[in-house]
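Open the model in your viewer and keep the selection panel at hand. The tour below goes stop by stop, telling you what to pick and what you will find there.

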Amino acid sequence: MKRLKAIAASAVLTAAAFPALADTTLHVMSWQPAYVAGTDYWDKTVAGFEAENPGVKVESNFVAFGQYLPTLTAMIAAGSLPDVFNGGTKTGELGRSGHLVNFKDVYDPAFFDQFYAGPLRQYTFDDKPYGLPDMAQIFGVFANDRIMKEVGVEVPNTWDELIADVPKFKAAGYIPLSWGNLTRNTCPDFFLPLIAQYGGDVYALDDHTAPGLSWDSKPVVDALDLLQRLSKAGVFPDGINGIDDPQSRQLAYQGRAAMYFGGSWTPGIFAQDGTKDWLDNYSVHKVPALTPDGIHFTGDGAGEAWSVNADGPNKDLALKFIAYLYRPDVYNWRAKGLQSFPSMKSAVDQIGNPKVRTMISWIATDSANHILFGPGSWDAVSNVCQSALDGSISPADGAKKIEADVMAARTN
Amino acid sequence: MNVPSRLQPFIAPGLFIAPAAIALILTTAVPMVDAVLLSLQRWNAMTPAVWTGFDNYVRLAQDETFFRALWHTFYFTVCTVILQTILPLLIASLLNSGIRGSTVFRTLYFMPVIISLAISGLLWAMLFEPNFGAINSMLRAMGLGAFTPLWLAGTNSVMPSVIIVSAWQSLGFYLVIFFAALQGVPKDLYEAATLDGAGAWSRFMNVTVPTIRPVILIVVVLNTINGIKVFDQIWVMTAGGPNYASATLGTYLYSIAFGAMGASNSRLGYAAAIAIVILVLSIVVSLIQIRIGRRRDLDAQIEV
């Protein structure tokens, strides 16, 4: 009888000590197609965590990019954020308003040393990392070498060289450089690093707290001027504001464009849907610089980061999941599966694509911010970017409009 | 409990109405009042809302993009009301005149209606693509390369392009409504008109149109409501672009409210103010249409 009582008491104590692990569901939300249940490396990642934590079930909720931010906004408004999620451009404001865990309070400095500096910096606000970069990214120019040879030009080293070569491309019937801005988020990717090329600091502009610093400063005006000169010269496809990214890639695939502007994740997409001509002939290059010996500043960072809901009922378990996700052996599965630029230095060896590895090598010398997190910044810049491309605003007026719109958003 | 005798007749009807009334209050009236209150606040969903009175409305009155969206909504509504009423009516009359194969044509015209807006929007976006889309490729092949518009990518051509798609998509729906109405027009009216020497156009204007006027009014009202609240078709095809050239009140509200396309700052109070303006506009336009409809009915009665 005594033994029976002891067993019963021990069962009760065990249940009381681990109530959370008895049947806990960890809600994870992402817009990244790679993290849908059914994808090999994601399934393996989730299964590994569940095996290490009996009684825990990871529920992966995928929301397509187009609907992701609206969904996230609705969840924020309803106070029902998931445990672990991609915060996107809302990461800064969510963190500052206390909704996200500051990872510095949880992990030691050695943990952060594992990441490339640029991607980690992008999700750090007021010295507090509210997001941990998932995959990193860097932008470049992908050229069709067959077309370049046919036209008789080299991939341009400077913007002026590119403008000078436009008549040759046009005479041969090619669009010089293809990209699309229908969704309005590619123009900032292209334009913001130009501000860095002219000596501006996009992080500081986005923060907008440094005395005397504003969006109508000279580097911004100069960058808008260059963007508009490129557009007027015919560097980009006709109707660039009405073409989306897949369509602009098709221009490259179908041999209508000589070059394509894209990020380090695109070689993975090329491999899936590129034409043979494109796959056989494309090469990757740094975006042009202002001068022959200038720095080829280009967008780096991370397109997305993982954040943890600070108010969630499973906060500790969520942090455990994050630590697991970034454990080198686990992260390597994903990096190997995605074949994209990893945010953790240790995973570089997993990348077999030589073009991606070439792009990774640029991060130490040519990186610049290309995503804005401050209230109103992204809208203000992307709106003026469109106007600069279609010539409906002058560079000086455009810079003033960005500044005015940012200020209006921060007081409304 | 004794219920006063004057209230007793209302008890049974009240009990029957109560569930629906409560549901309506909870699902319509409460959110509406909530939206009005929200329009008087500044709220990004992350920090506590701040009461700002009519500040959002004052800003709206100074917002150029809002007025562009308002103009596009008006433009879309007027064009679609005209096109989507006249075209289906004419084609329905043609099919009703007894031409051979009218059933086949009716089926063909109706097919776009059963395709989802998202799918047809994407298909048309591909057809309209200015660089390699089928329409411009065909024009180039015909030697008309100089006349290849940017379609959805051009600030001047985007609204007409979107309107063309809207007319294509909805033609079959309104055609079926008109066709059904035309079946009910007495044949002897046409015979009498023919005997009086009326030609085809005269019979259409003096017999067909007056007889099916209530149906025409319904189609106009439906088109107007669809025009004012247009969102999904434009969002799928252009997301309100390029550079807000096809932004309507619906797409502008959505991008302000939910920070779509990468935006970092949701302005829910401001978006609620836009929603209230759309509501007021819809009420005003509906009242005008109802008033016009009543006046015409009155005129018709006087004529009789």
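Two strands count as paired if DSSP finds at least two bridges between them. Keep that in mind for the sheet stops. Remember too that this is a predicted model.

**Stop 1: chain A as a whole**

Select chain A and colour by secondary structure. You should find 21 helices and 13 strands. The radius of gyration is 24 Å, close to the 22 Å that the globule rule gives for 412 residues, so chain A is as compact as a globular protein of that length. Align the view to the principal axes: the C-alpha atoms fill a box of roughly 95 × 50 × 35 Å. Of the 412 residues, 49% count as buried. Now think about contacts with a sequence separation of 6 or more. In chain A, 75% of them link residues 24 or more positions apart.

Next, colour by confidence. The average pLDDT of chain A is 91, and 94% of the residues score at least 70. Then select residues 9-20 of chain A. Here the pLDDT is below 50, and the stretch has two contacts in the model beyond near neighbours in sequence.

**Stop 2: the two domains of chain A**

Make two selections. Domain 1 of chain A takes 13-133 + 304-353, and domain 2 takes 137-301 + 371-410. Their C-alpha centres lie 30 Å apart. Where they touch, domain 1 gives 12 residues and domain 2 gives 13. Which elements give two or more residues to the domain 1 side? Pick helix H5 (91-96) and helix H7 (117-122) of chain A: these are the ones. By class, that side of domain 1 has three nonpolar, eight polar and one charged residues.

**Stop 3: a five-stranded sheet**

Stay with chain A and show its strands. Five of them form an open sheet, in the order S2-S1-S3-S12-S6, with mixed pairing. Strand S2 (56-62) and S6 stand at the edges with a single partner strand each, so one side of each has no neighbour in the sheet.

Walk inward from S2(A). Select strand S1, residues 24-30 of chain A: S1(A) and S3(A) pair in the parallel sense over two bridges. Label A:Met29, whose bridge partner in S3(A) is A:Phe85.

Now turn to the other side of A:Phe85. Strand S3 (residues 84-86) of chain A is joined to S12(A) by three bridges, and these two strands run antiparallel. In S12(A), A:Phe85 has A:Ser307 as its bridge partner.

One more strand completes the row. Strand S6 (residues 132-133) of chain A runs antiparallel to S12(A), and two bridges join them. Label A:Leu132 here: its bridge partner in S12(A) is A:Trp306.

Before leaving, look at strand S12 (residues 305-308) of chain A from both faces. In a regular strand the side chains alternate between the two faces of the sheet. Is S12(A) covered or uncovered on its faces? Both faces are covered: A:Ala305 and A:Ser307 are buried on one side, A:Trp306 and A:Val308 on the other.

**Stop 4: a covered helix**

Select helix H13, residues 245-253 of chain A. How many of its nine residues are buried? Seven are, and the helix is mostly covered. The buried ones are A:Gln247, A:Ser248, A:Arg249, A:Gln250, A:Leu251, A:Ala252 and A:Tyr253. Show what surrounds them. The cover includes strand S7 (136-144), strand S8 (175-178), strand S9 (257-263) and helix H15 (276-281) of chain A. Then step just past the end of H13(A) to A:Gly255, which takes a positive phi of about 75°.

**Stop 5: across to chain B**

Show both chains. Their contact takes 40 residues from chain A and 33 residues from chain B. The chain B side has 16 nonpolar, 13 polar and four charged residues.

Now hide chain A. Chain B is divided into domain 1 (1-38) and domain 2 (55-303). Taken over C-alpha atoms, 37 Å separate the centres of these two domains of chain B.

Finish on a single residue. Find B:Met126 in helix H5 (residues 117-128) of chain B. Is B:Met126 buried or partly exposed? B:Met126 is partly exposed, with 15 other C-beta atoms within 10 Å. Then draw a distance from its C-alpha to that of B:Met237. The two are 111 residues apart in sequence and 9.4 Å apart in space.

Methods
Residues are numbered from 1 along each chain as its sequence is written. Chains are lettered from A and ligands numbered from 1 in the order in which they are written. This is a predicted model: local features need pLDDT of at least 70, side-chain atom pairs count only at pLDDT 80 or more; totals for chains, interfaces and linings use all residues. Helices (H or I, at least four residues) and strands (E, at least two) are DSSP runs, numbered from the N terminus. The radius of gyration is taken over C-alpha atoms; the globule rule is 2.2 Å times the number of residues to the power 0.38. A residue is buried if 20 or more other C-beta atoms lie within 10 Å of its own, exposed if 12 or fewer, and partly exposed in between; C-beta atoms are placed from the backbone. Two residues are in contact if their C-beta atoms, placed from the backbone, lie within 7 Å. Ala, Val, Leu, Ile, Met, Phe, Trp, Tyr, Cys and Pro count as nonpolar, Asp, Glu, Lys and Arg as charged, and the others, Gly among them, as polar. Domain bounds come from an automatic or database domain assignment. pLDDT is the predictor's confidence in each residue, from 0 to 100.
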